[in-house]
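Please find below my notes on the model, set out as numbered points. They move from charged pairs to the interior and then to the surface and the confidence of the prediction.

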Amino acid sequence: MTRGRLVGSTAVALGAAGLAALAWGALVERKRFTLREISVPVLAPGSDPIRVLHLSDMHMAPWQSEKQEWVRGLAELKPDLIVNTGDNLGHEDGIPGVEYALAPFAGIPGVFVNGSNDYVGPRPLNPFTYFGGPSVRSQSQPRALDITGLHGVFAALGWTDIDNAAVALELNGTRLEFFGVDDPHHGLDRLDLITRAIDDLRANDPLADETWPDPGKAPEPRPTVTIGVSHAPYQRVLNSFVNHGAQLILAGHTHGGQVCVPGFGALVTNCDIPRAQVKGLSLWDSGLHTSYLHVSAGLGTSIYAPVRFACPPEATLLTLIGA
């Protein structure tokens, strides 16, 4: 075989492989919804486990019935708590799909923060721009989404908005203190408010000043776990969370890289988190303290880039257990 024919044959083979990978990513893997289950040892020894369902990046469009039904089925897990880390909407008419998908979770406690695609709709974007760093806000005016309506859906479920705020929940004998920030990808996070939010939360704790039954015995500290929640895991946010005492941080946004190379992993992260921590459970070291970090690869994609490869859409059931 001549060199020219060899080069031509190689190009044809590579092109065919590329088309096959694209077809797999667009037609199969994008809908290969996966539940991951992880145990995180952050509770006090002997505590009853707490099952936390982490949902992120649904990017819901009205025609995505398979995704909606799969999310509904997660209610069979009977989680104790839902944490939603944003980017729920992928279309201006996405709210009914989100409402339908989440309806079975009504009455289960939950907390949520906003992502950028809860505020504005997706837009066509050259995917190669992600290799130059995180995506930037468009100079054109993107279509605004009904974030007020989305929050109404969450409120009806009984979930609490922790965008630049804090809240405490009592579950299975443990006090969970949550603090969160609004979308860091578009600079809406107010890290300067975290200290006050936590102080106000603890100052208003109705059990803090309880009279102990035995005045001669020092009270044992109440089992408490502090959890930080953000849509995008930018390092400035993670460091602030850890330094404010977070023992566990939950985030999304990265889509796990969305298109990955088997054996290598994510090519991009769309923020400044290291590629090795683009999804799953890891440890985050702020330089002063360390926390568990869980980044969800999310359940969706932009409607303008409906492809996943070596990175299936996911939700995660985290079981908090005694350390």
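1. A salt bridge is taken here as a side-chain nitrogen of Lys or Arg within 4 Å of a carboxyl oxygen of Asp or Glu. With that cut-off, a search of the whole structure, which is a predicted model, returns nine salt bridges. Side chains of opposite charge can pair when their charged atoms come close.

2. One of these salt bridges joins the side chains of Arg32 and Glu29, with an N to O distance of 3.9 Å. The two partners should be described separately, since Arg32 is partly exposed at a relative accessible area of 38%, whereas Glu29 counts as buried at 2%.

3. In the salt bridge between Arg36 and Glu314, the closest N and O atoms are 2.7 Å apart. This pair links distant parts of the chain, given that Arg36 belongs to strand E1 (residues 34-43) and Glu314 to strand E14 (residues 314-322), with their positions 278 residues apart in sequence. Glu314 is buried, its relative accessible area being 5%.

4. Arg236 and Asp189 form a further salt bridge through their side chains, at 2.9 Å from N to O. Here too the pair links distant parts of the chain: Arg236 sits in helix H7 (residues 235-243), while Asp189 sits in the loop between strand E7 (174-180) and helix H6 (194-203), and the two are 47 residues apart. Arg236 counts as partly exposed at 39% relative accessibility, and Asp189 is buried at 11%. Elsewhere, Glu170, Arg175, Glu177, Arg202 and Asp205 are joined into one network by salt bridges that share partners.

5. Which residues touch the most other members of the largest nonpolar core? Within this core of 26 residues they are Leu53, Leu55, Val98, Leu102, Phe105, Phe154 and Trp159. Strand E2 (50-55), helix H3 (95-102), helix H5 (147-157) and strand E14 each supply at least two residues of the core. A second, separate core holds 23 residues, among them Val40, Leu176, Val225 and Leu320. In soluble globular proteins, nonpolar side chains tend to be buried together.

6. Two residues illustrate the contacts made around the largest core. Residues up to four places away in sequence being left out, Phe105 touches Leu53, Val71, Leu74, Ala75, Ile82, Leu157 and Trp159. Val71, which is placed in helix H2, is buried with a relative accessible area of 0%. With neighbours within four places in sequence again set aside, Val71 is in contact with Met58, Ala101, Leu102, Phe105 and Leu299. Its separation from Leu102 is 31 residues in sequence and 7.1 Å in space, from C-alpha to C-alpha.

7. Is Gln68, a polar residue by its name alone, buried or exposed? Gln68 lies in helix H2 (residues 65-73) and counts as buried, at 8% relative accessibility. Apart from neighbours within four places in sequence, Gln68 is in contact with Met60, Ala61, Pro62, Gly97, Tyr100 and Ala101.

8. On the surface, Val261, Phe264 and Leu267 form a nonpolar patch whose accessible area comes to about 250 Å² together. Val261 is found in strand E10 (residues 260-261) and counts as partly exposed, at 37% relative accessibility.

9. For the protein as a whole, the model contains seven helices and 14 strands, and 47% of its 323 residues count as buried. Among contacts between residues at least 6 apart in sequence, 75% join residues at least 24 apart. The accessible surface amounts to about 15,200 Å², and 57% of that surface belongs to carbon and sulfur atoms.

10. Confidence should be stated alongside these points. The average pLDDT of the protein is 88, and 81% of the residues score at least 70. Over residues 6-17, however, pLDDT stays under 50, and for this stretch the model has two contacts beyond four places in sequence. Where pLDDT is low, the predicted coordinates should not be read in detail.

Key: Residues are numbered from 1 along each chain as its sequence is written. This is a predicted model: local features need pLDDT of at least 70, side-chain atom pairs count only at pLDDT 80 or more; totals for chains, interfaces and linings use all residues. Side-chain values use heavy atoms; hydrogens and water are left out. Buried means under 20% relative accessible area, exposed over 50%, partly exposed in between (1.4 Å probe, protein chains only). Helices (H or I, at least four residues) and strands (E, at least two) are DSSP runs, numbered from the N terminus. Patches are made of residues with over 30% relative accessible area and no salt bridge: like charges are joined within 9 Å, nonpolar side chains (Val, Leu, Ile, Met, Phe, Trp, Tyr) within 5 Å. Accessible areas come from the Shrake-Rupley method with a 1.4 Å probe; for residues, only the protein chains shown count as cover. pLDDT is the predictor's confidence in each residue, from 0 to 100. Contact means heavy atoms within 4.5 Å. A nonpolar core is a set of buried Ala, Val, Leu, Ile, Met, Phe, Trp, Tyr and Cys residues joined through side-chain atoms within 4.5 Å.
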